[in-house]
Amino acid sequence: MGRNTRKRRMPLAAKAVAGTAALALGGGGLVWANFYASAGESGPSQNRTKTSAAQIATIDCPDVGQQLSDVPDQARGEVDGELASMDQQITDAYQRLVTTRQAQAGDSQYVQNAILGPLKDRRKVLLDRIKLEINRAGGQAPGNLDELAPCSGRPADQPQPTDGQNGDGQNGDGQNGGGQDNGQGNDQGQDNGQGQGEGQTPNDNGNGAAGPFADDFIDINDVQPNSRDLPNGLAANGRSGSKGSFTTKCGVNENKLHNSDNIIVAPGVANGAHHMHDYVGNQNNSSLSSDDDLVAAGTSCQNQGDKSSYFWPVLRVQDGTQEFDAADQGGGAEGNVGRILQAQEAQLRFVGNKRSKVVAIPKLMRIITGDAKAFTNGLKNANTSYSCTGFEDRQSTDKYVLCPEGSQLVRTSNFQSCWDGQNADSANHRDHVAFVQADGSCPNGFKAIPQLQVRLVYDVPTPTIENGQVKNPYAVDSFPEQLHKPITDHNDFINVMDESLMNKVVKCINKGKNCT
């Protein structure tokens, strides 16, 4: 294919947010405008406190990308770019939401009129472009795309701080958008001075009210054994059909390779993930990397035949540490703050299928497991879990776990292990693969492939939870509007094993051997 010489694309909306996203830095990262009103106010201000407490926590938009199952190959690059611009629009709207609380308290229609209404109009323009690009390439755009333009506000669903007063800091200059951008996400208008923040809560861990919250944590002893019941359960393949395994050793990102790109979902787009990733394996993992770049790259894997790219959102402790990305998009400028934790162990293991032999994973196949937008999308594609060493029969996906002294945090992702037999990727990056069915077999028309299981182990300081507030919590990086919810954790894989190594993987699994 040759090197991808396509110009690195930044979503159009990012041009405006680059100047306004870093509203204020200090004390541990981005100081988002206070989501909660002060509980210490009295008199007339009490009404404003109640109004603010009822305000929405985040922006909930339909995930357009998951609705696009039939996009011609020649249109996918442009469509992916429009989807990335749509993500940036949501980020912009969320930043406007959290920096206009004072205006919202005085006007019950402010969010709809100044944030959600304009966002709908901007999304409609991009949806029209997506339809045009699909149809121009000979495809058929879904007829219901226009119905995906409106977004809604989602109320807070976590306990609110009640024991402190707002700080005096100002977190904005009142110029957070509101003008028209012709659908390109360039927010050049002013909000008439209503964008000034109301300060920072005393225990917001440096990112304002972007989470996580005390209610996002659970003691591992309170997690019931074998109770995980998400649609995409952790399928333990390899019991009878193909019982072997293959473990590849690729380190724990000792090279500190990080970026906020997403080469699978947003190729060619800078900051396409809006959160930072850890990478092991392939060492050429920017959004600009072509297939040929991946094949030619170096690898951190001991077996140099494995140049696969394994990547996941970084885990941070929100302890006030100013990381290298504290002022950057994808990092502190989008609410991802604190000390990045390096895993103590990263186990990458391929196992078999309960009912059949496995076939080779196609070279350069892309697989995503979990959903970075599960907080607003729902549980359909959620598929990661948290546990503790010594307690791994207890798995939690919707809450972070608190481990006892001497126990380490375990983060697990088990990938889809059925392939449609034709495609190395799909328009929504999901339809070409599937999970096994309840009996362990693949759906009709799908073939069993080795299942990648990723097990990450961390030394994590146990957060302190007092009076309904959490101090120094840990959390995965997330899109800003996803509020660092544990349900949004996910994992990504691009197969770049050479043919001989992949053949070894398949042979080991099908013959019941355990290989490295």
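This section describes the overall make-up, the strand pairing, the nonpolar cores and the internal spaces of a predicted model.

The protein contains 516 residues, of which 59% are buried. Its secondary structure amounts to eight helices and 23 strands. Where contacts link residues at least 6 apart in sequence, 79% of them join residues at least 24 apart.

Two of the strands were examined together with their partners. Strand β1 (56-60) is mostly covered, with five of its five residues buried. This strand pairs with strand β2 (residues 152-155) in the antiparallel sense, and four bridges connect the two. Within this pairing, T58 has R154 of β2 as its bridge partner. Strand β6 (residues 277-281) likewise has five of its five residues buried, and is therefore largely enclosed by the rest of the structure. Strand β5 (residues 258-259) runs antiparallel to β6 and is joined to it by two bridges; here H258 has D278 of β6 as its bridge partner. Strand β7 (residues 309-313) also pairs with β6 in the antiparallel sense, over five bridges. In that pairing D278 stands opposite W312 of β7. Residue D278 thus takes part in bridges to H258 and to W312.

In soluble globular proteins, nonpolar side chains tend to be buried together. In the present model, the largest nonpolar core comprises 55 residues, and the members that touch the most others are Y310, W312, F350, V401 and Y474. Helix α8 (residues 499-510) is the element that gives the most to this core, contributing six residues. A second, separate core has 22 residues, among them I90, A103, V111 and F375. The surroundings of Y474 illustrate the contacts made by one member of the largest core. Leaving aside residues up to four places away in sequence, Y474 touches P212, F217, L315, R316, V317, Y386, Y400, V401, L409, V460 and P463. One of these contacts, V401, is itself listed with Y474 among the core members that touch the most others.

Empty space within the model was also examined. Rolling a probe the size of a water molecule over the atoms shows where such space is left. Six cavities of 30 Å³ or more are present in the structure. The largest cavity holds about 480 Å³ of space. Its lining consists of 35 residues, and those that lie nearest its centre are D63, Q66, D87, V265 and K373. Two or more lining residues come from each of β1 (56-60), α3 (73-98) and β22 (490-494). Of the elements, α3 gives the most to this lining, with six residues. The mostly covered strand β1 is thus also one of the elements that contribute to the wall of this cavity. By class, the lining of the largest cavity is made up of 15 nonpolar, ten polar and ten charged residues.

Open spaces were considered separately from the cavities. The second largest pocket contains about 350 Å³ of space. A total of 17 residues line this pocket, with Q66, K380, N381, N428 and R430 lying nearest its centre. The pocket lining has four nonpolar, eight polar and five charged residues. Residue Q66 appears in both descriptions: Q66 is one of the residues nearest the centre of the largest cavity and one of those nearest the centre of the second largest pocket.

Definitions and conventions
Residues numbered from 1 in each chain as written. Predicted model: local features only at pLDDT ≥ 70, side-chain atom pairs only at ≥ 80, totals over all residues. Heavy atoms only, no water. 1 Å grid on protein atoms, 1.4 Å probe; cavity = no way out; pocket = protein on both sides within 12 Å on 5 of 7 lines; lining within 4 Å. Points joined across faces, edges and corners; volume = space filled by probe spheres on them. Nonpolar A, V, L, I, M, F, W, Y, C, P; charged D, E, K, R; others polar. Buried < 20%, exposed > 50% of the residue type's maximum accessible area, 1.4 Å probe, protein only. Pairing = 2+ DSSP bridges. Core = buried A, V, L, I, M, F, W, Y, C linked by side-chain atoms within 4.5 Å. Contact = heavy atoms within 4.5 Å.
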